[in-house]
Amino acid sequence: SLPDALPTCTDLPADTIAHLRARLALADAPAAGPLWAQLDRFAQRDQDLDWDDPDYSERSRALEALARFGQDSTDRAIALIRRNDENQYQHLIFAIDLLARMRHRPSLDLLLRVLAECPEEDDALLETLHDAIPAVGGTDAIPKLENLMPRLPWGKRIEAVYMLGLIKHPDAEAALLR
C-alpha cells in the first residue's frame with residue numbers, strides 16, 4: 001500500500017513524502033468535526049498575517065479531507081457563508097474554498113450574492129470568489145455573471161470578466177464580447 005511504500009521512496013524529496021504522509025493521515029478521518037476544529041486553528045493563526053504570508057498546504061489538505069464528508073461539509077460551509085460573521089472572516093474564505101473544491105453547484109447563487117455584496121476593496125475575498133464561482137458554476141455561471149455585471153462596480157466587474165475567462169466555453173466568450 002502507499003503508506004507502507006512511502007518510507008522506502010528514496011527518489012522523492014523529503015517535503016513531498018511529508019506532504020503525502022499528512023494527506024494520508026487525514027484521508028482516514030472518521031468524522032468532520034476534528035477537521036473543522038483544525039480549520040478553526042488555522043483561522044486563528046492566519047488572521048493576523050498578511051494574506052500571502054501563511055503556508056496554505058495544511059489548510060488545503062484539511063479542505064481536501066473535509067470534501068470527502070459530502071453534504072455534512074457543504075451544509076456547514078453554506079451556513080458559515082450565510083452567517084457572514086466579520087469575526088470569522090477566514091472561515092468564510094475556507095467555506096468558499098471548500099465549496100469550490102467540491103464543485104457544489106447548488107451554492108452558485110449564494111456565491112454570486114457574496115460577490116455582489118462584498119466590498120470592492122476586499123481583494124482576498126474577491127480572489128477566492130474568482131476561483132470558486134467558475135469551479136462551482138461552470139457554464140451555469142455564464143448567464144448569471146453576465147446578468148450581474150451591469151449592477152457591479154467597475155472593480156468587481158473586472159473580477160466577473162476574469163471569472164468568465166476561466167470558463168472555457170464558447171458561451172463565456174460570447175458573454176465577454178457582449
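1. Let's start with the pairing of helix α7 (residues 108–117) and helix α8 (residues 123–137). In this predicted model, the two helices pack at an angle of about 155°, and their axes are 10 Å apart. Because angles over 145 degrees count as roughly antiparallel, α7 is described as roughly antiparallel to α8. The crossing in which α7 passes α8 is left-handed.

2. If you would like to find this contact on screen, here are the residues. From α7 come L108, L111, L112, V114 and L115, and from α8 come L125, L126, L129, A132, I133, V136 and G137. Sorted by class, the contact of α7 with α8 has 11 nonpolar residues, 1 polar residue and no charged residues. Glycine is counted among the polar residues, which is worth keeping in mind when you look at G137 of α8.

3. Helix α7 also packs against helix α5 (residues 71–83), at an angle of about 25° and with the axes 11 Å apart. Angles under 35 degrees count as roughly parallel, and α5 and α7 are therefore roughly parallel to each other. Their crossing is left-handed.

4. Which residues make the contact between α5 and α7? On the α5 side they are I78, I81 and R82, and on the α7 side they are L110, L111, R113 and V114. This contact divides into 5 nonpolar residues, no polar ones and 2 charged ones. Two names may look familiar: L111 and V114 of α7 take part here, and L111 and V114 are also listed in the contact with α8.

5. Further along the chain, helix α10 (residues 154–166) and helix α11 (residues 170–177) make another pair. Their axes come within 8 Å and cross at roughly 150°, and α10 and α11 are therefore roughly antiparallel to each other. As α10 passes α11, the crossing is left-handed. V161, L164 and G165 of α10 meet A172, A175 and L176 of α11. By class, that contact has 5 nonpolar residues, 1 polar residue and no charged residues.

6. Now for some single residues, beginning with R59 in helix α4 (residues 57–67). Is R59 buried or exposed? Its relative accessibility is 10%, so R59 counts as buried, the cut-off for that class being under 20%. The side chain of R59 makes a polar contact with the side chain of D97, at 2.4 Å. Setting aside neighbours within four places in sequence, R59 is in contact with L39, F42, I93, F94 and D97.

7. E64 sits in helix α4 as well. With a relative accessibility of 17%, E64 counts as buried. What does E64 touch, once its neighbours within four places in sequence are left aside? The contacts of E64 are R23 and R101.

8. R76 belongs to helix α5. At 37% relative accessibility, R76 counts as partly exposed. R76 and W36 are 40 residues apart along the chain, and their C-alpha atoms are separated by 9.4 Å.

9. R103 deserves a look for its backbone. Where is R103? It lies in the loop between α6 (89–102) and α7. The phi angle of R103 is near 50°, a positive value in a residue other than glycine. R103 is exposed, with a relative accessible area of 55%.

10. Finally, the overall picture. The protein has 11 helices and 0 strands, so described from the N terminus on, its elements run α-α-α-α-α-α-α-α-α-α-α. Of the 178 residues in the protein, buried residues make up 42%. Among contacts with a separation of 6 or more, 67% are accounted for by residues 24 or more positions apart.

Technical notes:
Residues are numbered from 1 along each chain as its sequence is written. This is a predicted model: local features need pLDDT of at least 70, side-chain atom pairs count only at pLDDT 80 or more; totals for chains, interfaces and linings use all residues. Side-chain values use heavy atoms; hydrogens and water are left out. Axes are lines fitted to C-alpha atoms, for helices over the stretch in contact, and angles run from 0 to 180 degrees between N-to-C directions. Helices (H or I, at least four residues) and strands (E, at least two) are DSSP runs, numbered from the N terminus. Angles under 35 degrees count as roughly parallel, over 145 as roughly antiparallel, 65 to 115 as roughly perpendicular and the rest as oblique. A crossing is left-handed if the near helix is turned anticlockwise from the far one by less than a right angle, and right-handed if clockwise. Contact means heavy atoms within 4.5 Å. Buried means under 20% relative accessible area, exposed over 50%, partly exposed in between (1.4 Å probe, protein chains only). A polar contact is a pair of N or O atoms within 3.5 Å; within protein, one must be able to donate a hydrogen and the other to accept it, and residues adjacent in sequence count only if both atoms are side-chain atoms.
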